[in-house]
Structures are given as C-alpha cells and as structure tokens.
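Visitor: I would like to understand how the labels that people attach to a structure are justified. Could we take some of them in turn?

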Amino acid sequence: MLRRVHSRCPHVWGYLGVQAQRAGLLLVHRQPPALTRPESKYHMLARHRQQWLLVSPVTAAPAGTRGVGMLVARIVRGLLKIRYLLIGGTLAGGYSIQKSYEDFKKGLPDVGWLHGILPSTEAVDAFRGNMIKFKDKFRDSFSAFEFDAKTKELYGDKMGEFREWFQQRLDDAIKASEAGRAPGDPGLLLLGPGHFQAEPGDDSSALGAAPAVALAFTRPQSTAEDTDKTKQENEALRQKLDALQRELAEVQLKYQRELERVERDNKELRKRLLLRATETVAHRKIKKSLIDMYSEVLDELSDYDSSYSTADHLPRVVVVGDQSSGKTSVLEMIARARIFPRGAGEMMTRAPVKVTLSEGPYHIAQFKDSSREFDLGSEADLKELRKEVELRMLNSVRGGKTVSQEVISMTVRGPGLPRMVLVDLPGVISTETVEMAADTRRAISTMSESHMANPNAIILCIQDGSIDAERSNVTELVSRMDPTGKRTIFVLTKVDLAEENLANPDRIRKILSGKLFPMKALGYFAVVTGRGNKDDSIDEIRNYEEQFFQKSKLFRSGVMSSAQCTTRNLSLAVSDRFWKMVRETVEQQADAFKATRFNLETEWKNNFPGQRELDRDELFEKARGEVLDEVVNLSMVSPKQWEEALNRKLWEKMATYVFEKVYLPAAQSGSAGTFNTTVDIKLKQWADDSLPRRCVQIGWETLEEEFKKFMSRSERRKDHEPLFDPVKHAAVEEALRDHDWEQRAVEQLRVIQLNTLEDRAVHDKRQWDAAVAFLEQSIKDKMQTTDEMLAEMAGPGLWERWLHWRSATPEHRRRAAVRAELERTLHADHDHPPQLGYDEIMAIRNNVKTSCGLEVDSELIRDTWRPVYRRFFLRRALARAYDCRKAFWLYHQAVSESECDCNDVVLFWRIQQMMRATANTLRQQIVNREARRLEKRVKEVLEDWSVDEEKKRSLLTGRRVSLAEELKRVRQVQERLEEFINALQNEK
C-alpha cells in the first residue's frame with residue numbers, strides 16, 4: 001500500500017513523512033537491488049517489490065519545548081511578511097501614481113500654437129519700460145511748462161487740479177499695466193510683439209509708443225479674412241433665401257393641387273346630388289347661352305390640340321401687339337374690368353389667356369377649372385383675381401422658360417357685354433433681357449403665328465400711337481400671316497398721347513386709312529385706354545375717352561370718323577365680325593370632326609378589336625387599383641414566410657462579416673480561452689456599432705423584395721396588362737425611395753441582440769444539431785467560394801482543356817505551381833500558422849524554379865497563400881464540425897477542451913439565435929407598422945399622380961393610349977359642336 005502511495009502520489013508521501021516525524025517515527029524506503037539489464041519503469045515495479053519499514057528514531061525532542069519555538073517562529077515570520085507587504089505596496093503605489101501623472105500629461109492638449117500669438121516676456125517688459133519713460137518725460141515736461149502771469153492768475157487753480165488729476169490717472173494706468181503683464185492679456189493681443197520693441201536708451205521710441213498704442217486701439221482694421229468671412233455669410237444667407245423661395249413655390253403648388261383636388265371632389269359631390277335629386281324631383285334643365293356653349297367647344301379643342309393645328313379652324317379673336325402697346329388694356333376695356341396683373345414696363349402676360357365674354361345679370365369672372373366666382377364690382381375680389389391670374393401664369397412656365405403655351409381659360413359675365421371669345425397673347429418683343437430665356441423672342445413669335453395661322457381667327461392688331469410707326473414689330477408679323485387683311489382689325493392706342501406729341505396730324509390720318517403700314521385690315525380704330533394712372537376704374541377711363549374724342553382736334557378736323565373712335569364701337573365691330581365668321585364656318589368644322597371620328601374608330605376596330613376604348617385617366621385608375629391590390633397582398637404573407645425570408649437575407653448579408661471579422665481571427669488564436677474572449681469582444685463591438693442599423697436596412701430590403709415578388713407574380717398571369725407596368729414600377733420605386741424605417745426600431749433591436757449574443761449555453765440537443773448543421777452548411781458555402789477562386793487562379797484543368805478547348809496562360813501556370821508547393825507545405829505541417837515566413841517563401845520560390853522552371857515573386861506567393869490556407873483551414877473546421885455532431889453530452893458535462901473542441905459550434909449557435917430574434921423582431925415591425933406605412937405612401941404617390949397630367953402622359957404611352965385619347969376628344973368636340981349648331985339654328 002505504501003509503495004503505491006509513493007509511486008502515484010508523491011505529495012501525499014511527503015505529507016505522511018512530515019506527520020511521522022512529528023509523531024517521532026521514521027519512514028525508511030528500502031531500495032531494490034540493482035538491475036542487470038535495462039528495463040522499463042513498469043517492468044521494474046512488477047518484478048521487484050519495495051519494502052517499507054517503520055523504525056523508531058534514535059532521538060526525539062521534548063514536545064513542550066518544540067511547540068513554543070514553533071509559535072515564536074510563526075510570529076516572527078508574520079511580522080516579516082507585513083513589512084514586505086508595506087514596502088511592496090508603497091513602491092507599487094508610487095509607480096502607479098507616477099504612471100497616472102504621465103498619462104495625464106500626455107492627455108493634455110498641445111498649446112504650443114499660442115506662442116506664435118501671445119507676446120513674449122521681453123516684449124511686455126520693453127512696453128512697460130517705454131510706458132514708464134513716457135510717464136517721466138511727460139511729467140517733467142508738463143511740470144516745467146510755464147504760463148504767462150495773466151493766464152496763471154486766471155486759470156492757475158484749474159491747471160493745478162488738472163495736473164494732479166492727470167498724474168493720478170497716469171499712475172493708475174501704469175499700475176494696471178504692471179498688474180496685467182501676464183501673457184494672454186487681451187489688450188496686448190491687439191497690438192502684437194512688434195509694437196513694444198524699442199532700443200534701450202532711445203527716448204523717441206518711448207514717445208512714439210503712445211501714439212502707436214492709441215492707433216492700435218482706436219483704428220478698426222479690415223483684414224482679408226474678415227472680408228472673406230463676410231462674403232461667406234452673405235453667400236450662406238443668399239442660399240437660404242433661395243431655398244426659402246423654392247420651398248415657398250413648392251408649398252404654393254402643393255396648396256394649388258390640394259385646392260384643385262377639393263374642387264374636383266366638390267364638383268363630383270354636386271354631380272351626385274343632382275343625379276339623386278333628378279330621381280325624385282323633375283328639375284327644369286338650365287339653358288346655356290350660345291357663347292358659353294361655344295367656349296366649351298374651344299376648351300375641348302384646347303385640350304385636344306393645344307398647338308391649334310389645322311384641325312381646329314373655329315373662329316376666335318386673337319389679340320396681338322408689341323409689349324406695352326396697350327393690348328391688355330383694350331381687352332379690359334371690352335370686358336369692363338381690370339382683370340389682368342400690371343407692371344411698369346415688365347412682361348406680365350406670360351401665357352395665352354382665353355377670355356369668354358357673355359351677358360349675365362351680375363358682373364363676375366370665373367376660371368374654367370374652378371367654381372369660385374369673383375365679383376368684379378368689388379376691389380378686393382379684383383385684387384384676388386389678378387393675383388390668381390399671375391399665379392397661374394407663373395405655374396404654367398416650366399423648364400426655365402419665360403413664356404408658356406398652356407392656355408388659361410376664364411369667363412367674364414356682365415350686363416351688356418359683347419358675346420365673343422378673345423385670346424390675349426404675350427407681347428411681341430424685339431430684344432431679350434438678361435432675365436429672359438434665350439429663346440423668348442422666338443417662342444413669342446412662334447406662339448403668335450400658331451394662333452394667327454387659323455384661317456378663321458380674327459386678328460386684333462394693337463399698335464401704340466405714342467411711338468414712331470417705324471418701331472413697330474407686330475405689323476410685319478400680322479401682314480405676313482394675313483396679307484389680304486380679310487380677318488384683321490387694326491387698333492391704334494394712346495391717341496391722346498399721340499395728339500400731344502405729333503406735330504403732323506396727317507400721320508395719324510395715314511395710319512387710320514391704312515396707307516402708312518404695309519398691311520391691310522378690315523377696319524381701323526382709335527382708342528384711349530387710360531390716363532397714365534393704374535388706379536383709375538374702367539368707368540373713369542371710358543368717360544375720359546369720350547371726353548377726349550369730343551374735344552379732340554383730330555376728330556374735329558376730320559382725321560378720323562366717329563365710327564372709328566372709342567372702345568365701344570371697337571367691341572361692337574369685333575363682336576359682329578366674330579359671329580358672322582362663326583355662322584359661316586361652324587358646320588364645316590362639324591363635318592370635319594365627324595370624318596375624323598370615323599377614321600379613328602375604324603383604326604381602333606382594326607388594331608384593337610374587342611378592347612374597350614379607355615383613355616389615359618381610366619387606364620391610370622385601373623393600374624392604380626392593381627397596385628393597391630398588390631400592396632394589400634403583403635398582409636397575406638404568413639409569419640413563417642417573413643421569418644424565413646428575413647433569416648435568409650440576414651445571413652446572406654452578414655456571413656462575410658462573421659467569417660472575416662469574428663470566426664477566422666478567433667479560430668487562429670490557438671486556445672479555447674482566447675477564442676471565447678475574442679469572440680465575446682468582437683460580437684459586443686458589432687452589436688454596439690453597426691449590427692442593428694444593418695439589420696434594419698436588411699428588413700427594408702426584404703420588404704422591398706417581397707413586394708416586388710408580388711408584382712412579378714402578377715406579370716405572369718394570363719390577364720396581365722403590360723401597359724400598366726410602367727405605372728406600377730414607378731409608383732413602387734417612388735414609394736420605396738421615400739419610405740423610411742422608424743428610428744426607434746434600431747435601439748430596440750440593439751438591446752435584443754446584445755441580450756441574445758451574451759447567452760453561451762446551448763440548451764438542448766435539438767438546438768445543438770441545428771447549430772452544427774448551420775456551421776457545416778456555412779463552411780461548405782465558403783469552401784465552394786474558395787475553390788472557385790483557386791480554380792480561377794490556377795486556370796482550366798485537364799477536363800476543361802480537352803472539352804472546352806481552353807488553354808492556361810503563363811500566369812495560370814505560375815499560380816498552379818505555387819499552389820502545389822503551398823499544399824505540400826500544409827500537408828507536411830498541419831499546425832502551420834496563418835502567415836508564411838521569409839524562409840518558407842524563398843524555399844517555395846526555389847522549388848518552383850527547380851521543378852517547373854518558372855520565376856515567381858514573393859507577392860504572387862502571398863496572394864496565392866491566402867485562398868490555399870483558407871481552404872485548408874475550412875476543411876479542418878468542417879472535420880471538427882463532423883466530430884461535434886455527437887458531442888452534446890460532452891459539452892453538457894463541461895469536459896475539457898481536449899475531449900470536446902466545439903467552441904465554433906457555440907459561436908454559430910449564438911449567431912443563429914441572434915438572427916432568429918432579429919428576424920422575429922423585424923417581422924413584427926413589418927407586419928404591424930412598415931407594411932401599413934408603405935401602403936399609405938403608395939396611396940399618396942398614386943393620388944398625387946392622378947392629378948398630374950404630365951406624369952400620366954410619361955407613364956402611359958403607346959398608340960393604344962393616344963388613339964383612345966383622340967377618340968374621346970373628337971367625340972366630345974363633335975357632340976358639343978352639334979349641340980351648339982342646334983342652339984344656333986334655333987336662335988336664328
């Protein structure tokens with residue numbers, strides 16, 4: 001028994017020896033006889049027996065004396081230990097304090113840059129000495145100064161008081177300078193070191209110091225830095241002003257769209273109420289006036305053909321003239337209201353304005369697309385009307401242009417107004433200013449020519465009578481468009497100014513008789529449209545006009561006839577001519593549209609048989625419904641599908657980071673403790689830094705992918721309409737681009753991920769098997785990527801060379817040879833570190849040169865080493881994963897690392913649990929919040945686009961759409977023309 005204790009537990013044998021000595025015994029170990037031949041330790045123990053004898057000692061110390069000595073020895077040893085502890089603690093504390101002080105000094109900011117700004121001590125001392133010298137010299141000179149007897153007798157007392165006061169102030173200033181001589185004094189910073197330096201003993205420098213100081217403190221200096229700073233501030237303010245102006249314009253446009261939407265809804269509600277009322281009560285149909293019916297026809301034509309091509313030959317009065325010639329004033333005189341905005345020499349008419357004049361009991365104005373009626377007898381309503389006209393003109397101008405071809409349509413009703421339709425065009429200009437677009441002059445001329453090109457349009461040519469006739473631009477334009485003058489009426493404005501300025505009245509006679517300008521006209525009229533005061537009312541201007549012509553020398557001398565004067569005669573003549581042309585041409589236009597309708601219907605039947613004739617608005621509403629159906633389908637996705645999609649997307653995005661930043665650096669550490677420590681640190685940093693935000697981004701991408709999957713599924717259906725695809729894709733892209741994930745979800749996700757990653761205990765066998773399978777599949781995926789990289793480096797193999805006729809390049813051959821040498825190195829040393837040594841690189845270069853005759857450099861070897869070692873490491877990791885399949889019991893029993901090396905399984909289990917918790921959280925956020933917010937945003941986008949005609953035209957294109965639009969417009973125009981013709985015949 002004692003033999004076994006001695007051989008297996010020597011520390012126990014030593015303890016037994018000590019106890020035996022205390023008891024007065026002696027343990028003796030008898031040595032076996034010497035061996036005759038070398039044998040192993042275990043054969044020696046088997047063949048020879050060891051004998052132990054218990055022998056009484058020769059002498060023994062008394063028990064009492066030995067106990068007291070041991071007690072004293074222990075006390076002395078304890079005191080010595082306390083001394084050593086005190087000395088060691090003092091030394092360690094001193095070193096720790098010194099180290100903390102050094103760290104504190106290193107953490108202080110560098111203030112060396114202040115030495116170049118603050119004055120030196122020598123400069124301050126020199127300035128102080130100069131001040132003292134200046135004080136002494138000034139005091140001596142002041143005391144030595146003598147006044148005459150009379151002055152001294154009168155002002156002696158005052159001068160003495162002043163001397164005492166000045167000396168006291170000077171002493172106080174010197175004391176203050178001595179007290180504040182520390183570097184960094186604000187007063188010294190203004191001057192700098194150069195102002196204080198003086199030669200010793202030079203009194204003139206002392207005297208010159210004071211003026212220098214005074215100038216330095218009193219004269220403001222403007223530096224280049226201040227100027228640049230001021231420029232930057234002004235530029236920033238200008239940018240803010242521009243941004244505010246753009247924002248204001250966007251807000252106005254937004255409110256305008258909202259008002260239009262409300263008006264459209266109001267009109268629809270009124271229509272429904274009228275339809276409901278007609279079911280119960282028979283209402284008398286409201287009879288429209290002829291001019292209103294005709295204006296509606298022109299509005300339909302304006303929507304159908306905004307360029308007024310030859311398809312639209314219906315009569316209208318086109319008002320043209322030079323800028324500031326008074327054409328807008330003529331129109332206002334005919335309408336009997338100041339309805340247009342005014343400017344001093346500026347271009348105010350930027351778009352065509354169609355004004356329909358009609359009789360009515362009240363003097364009101366109304367826009368075509370609005371139900372609001374402006375009372376023209378109220379100055380407040382007139383102001384709002386002019387502001388509305390100006391705003392509509394500005395909104396119609398787009399793309400950096402100055403003028404627009406978009407027609408603004410309005411109706412003016414009032415008692416005694418002539419019935420006709422007038423179109424006010426922008427004034428013709430001869431020179432473009434810097435504030436205008438480069439093509440403004442040509443755009444105005446083209447617009448005027450397109451309106452006057454209508455063979456049935458009445459041209460109202462406005463000429464300013466107060467300027468020379470040779471400066472006119474409009475007369476040449478009108479003579480070119482109507483050379484015979486069969487539809488032109490010439491109007492000379494500002495005749496009152498012409499009578500005052502012209503010395504030869506015969507010139508006006510030539511103008512009104514058509515002998516001055518190279519143009520012909522049906523009639524010539526002279527009018528006065530104002531007295532130079534923009535606040536005058538129409539009635540005041542009309543009275544002034546009548547009084548002028550009654551007293552005019554031109555009228556009395558017979559230069560003009562009474563039928564050629566006043567805007568009243570002008571409006572009657574234009575109205576008569578307008579209705580005459582309408583009666584002559586309207587039936588011909590109706591026949592032309594009937595033929596156009598027949599041709600379009602025939603084209604539709606041949607190209608799109610069996611399909612409904614849906615216009616752009618109807619097609620957009622149908623596409624809108626399909627998009628909203630797909631958004632609603634997001635709620636039909638099951639939680640399991642969401643979590644599977646999120647898990648797949650999460651691992652796809654974070655696999656590279658897990659391998660490159662967490663797993664590989666930790667696995668190369670060499671020990672299990674270092675592996676776990678490295679993993680904990682890196683996972684904590686990851687979760688604190690970028691993991692939550694990246695996961696939220698992945699959730700947003702998953703939502704986008706699932707939404708687009710529904711869209712692609714709908715495209716594979718048999719009833720799919722390809723025409724709607726641009727609308728669907730554009731709406732989805734716009735909504736997803738504007739959709740933002742809620743920021744509070746990031747913080748919630750960070751807490752969940754931190755708590756999940758801190759758990760390192762795999763709870764059951766099922767989770768262990770899932771983690772092992774996850775690890776194996778992840779390693780296999782990485783191995784496949786690495787193999788593809790190595791195959792690309794080494795070039796085509798034998799099979800590819802013969803089957804696909806591919807050959808290896810010299811670069812491929814060098815890499816293949818290096819790869820073979822690296823693999824031999826790894827097979828020879830399975831515990832090779834991740835880096836290659838210098839000797840190994842040189843050996844590989846020599847081996848490649850010897851075996852293959854190829855020269856390779858060190859960089860190529862290192863570049864090839866990375867994927868080769870990666871593949872070798874992944875194979876070993878996969879082998880460990882296979883061994884860990886049945887190691888859960890060992891892991892659960894917490895055995896040593898040598899028997900259960902499965903730390904990488906625990907790492908991937910932690911990541912797998914974190915991904916599941918993240919996917920569950922993101923799924924709840926998507927179902928409860930984000931899908932609904934996305935649906936709301938899609939609805940908002942489609943709602944905005946429903947009133948944006950330009951957007952609908954860009955999304956819904958093709959001959960089918962354009963043909964349906966033309967058919968709809970032609971039918972509407974034809975129906976309204978036939979209704980107007982019937983009413984016109986009944987009136988006859």
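**Labels and their reasons**

Guide: Let us begin with the sheet, in which 9 strands are arranged in the order S6-S5-S7-S4-S8-S3-S9-S10-S11, forming an open sheet with mixed pairing. Please keep in mind throughout that this is a predicted model.

Visitor: What makes strand S6 and strand S11 the edge strands?

Guide: Strand S6 (374-375) and strand S11 (523-526) each pair on one side only, and that is what makes them the edge strands.

Visitor: How do you know that strand S5 and strand S7 pair, and in which sense do they run?

Guide: Two strands count as paired if there are at least two bridges between them. Strand S5 (residues 364-367) and strand S7 (residues 408-414) are joined over 4 bridges, in the antiparallel sense, so by the cut-off of at least two bridges they pair. One of the partnerships is that of Gln 366 with Thr 411, the latter in S7. In general, strands of a sheet pair through backbone hydrogen bonds, either parallel or antiparallel.

Visitor: Which helix lies across strands S3, S4, S7, S8, S9 and S10?

Guide: That is helix H11 (residues 327-335), which runs at about 155 degrees to S8.

Visitor: Why are Cys 884 and Cys 902 called a disulfide?

Guide: The rule asks for a pair of cysteine sulfur atoms within 2.5 Å. The sulfur atoms of Cys 884 and Cys 902 are 2.0 Å apart, and the two residues form a disulfide. By this rule the count comes to 1 disulfide. As for what such a link is, a disulfide is a covalent bond between the sulfur atoms of two cysteines.

Visitor: Why is this disulfide called left-handed?

Guide: The torsion about the S-S bond of Cys 884 and Cys 902 is about -100 degrees, so the disulfide is left-handed. The pair links distant parts of the chain, 18 residues apart: Cys 884 is in the loop between helix H30 (858-883) and helix H31 (888-892), while Cys 902 is in the loop between H31 and helix H32 (903-946).

Visitor: Are these two cysteines buried or exposed?

Guide: A residue is buried if its relative accessible area is under 20%. Cys 884 has 2% relative accessibility and therefore counts as buried, and Cys 902, with a relative accessible area of 5%, is buried as well.

Visitor: What of Cys 695 and Cys 852, and what label does each receive?

Guide: Cys 695 has a relative accessible area of 0% and is therefore buried. Cys 852 is at 42% relative accessibility, so it counts as partly exposed, because that label covers the values between under 20% and over 50%.

Visitor: How do you know that Arg 923 is buried?

Guide: The relative accessible area of Arg 923 is 17%, and therefore the residue is buried, since the cut-off is under 20%. Arg 923 lies in helix H32, where, leaving aside residues up to four places away in sequence, it touches Pro 639, Trp 642, Glu 643 and Leu 646.

Visitor: What is remarked upon in the phi of Lys 494 and of Thr 566?

Guide: Lys 494 has a positive phi of about 55 degrees although it is not a glycine, and the phi of Thr 566, also a residue other than glycine, is near 70 degrees, a positive value. Lys 494 is found in the loop between S10 and helix H15 (495-501), and at 23% relative accessibility it counts as partly exposed. Thr 566 has its place in the loop between helix H18 (553-556) and H19, and at 14% relative accessibility it counts as buried.

Visitor: How do helices H19 and H34 cross, and what is the handedness?

Guide: The axes of helix H19 (residues 567-607) and helix H34 (residues 959-987) come within 9 Å and cross at roughly 145 degrees, and H19 passes H34 in a left-handed crossing. The residues of this contact divide into 16 nonpolar, 4 polar and 12 charged.

Visitor: And which residues make the contact of H13 with H14?

Guide: Ser 448, Glu 449 and Met 452 of H13 meet Leu 477, Val 478, Arg 480 and Met 481 of H14. By class, this contact has 4 nonpolar, 1 polar and 2 charged residues.

Conventions: Residues numbered from 1 in each chain as written. Predicted model: local features only at pLDDT ≥ 70, side-chain atom pairs only at ≥ 80, totals over all residues. Heavy atoms only, no water. Axes fitted to C-alpha atoms, helices over the stretch in contact; angles between N-to-C directions. Helix = DSSP H or I, 4+ residues; strand = E, 2+ residues; numbered from the N terminus. Left-handed = near helix turned anticlockwise from the far one by under 90°. Nonpolar A, V, L, I, M, F, W, Y, C, P; charged D, E, K, R; others polar. Buried < 20%, exposed > 50% of the residue type's maximum accessible area, 1.4 Å probe, protein only. Contact = heavy atoms within 4.5 Å.
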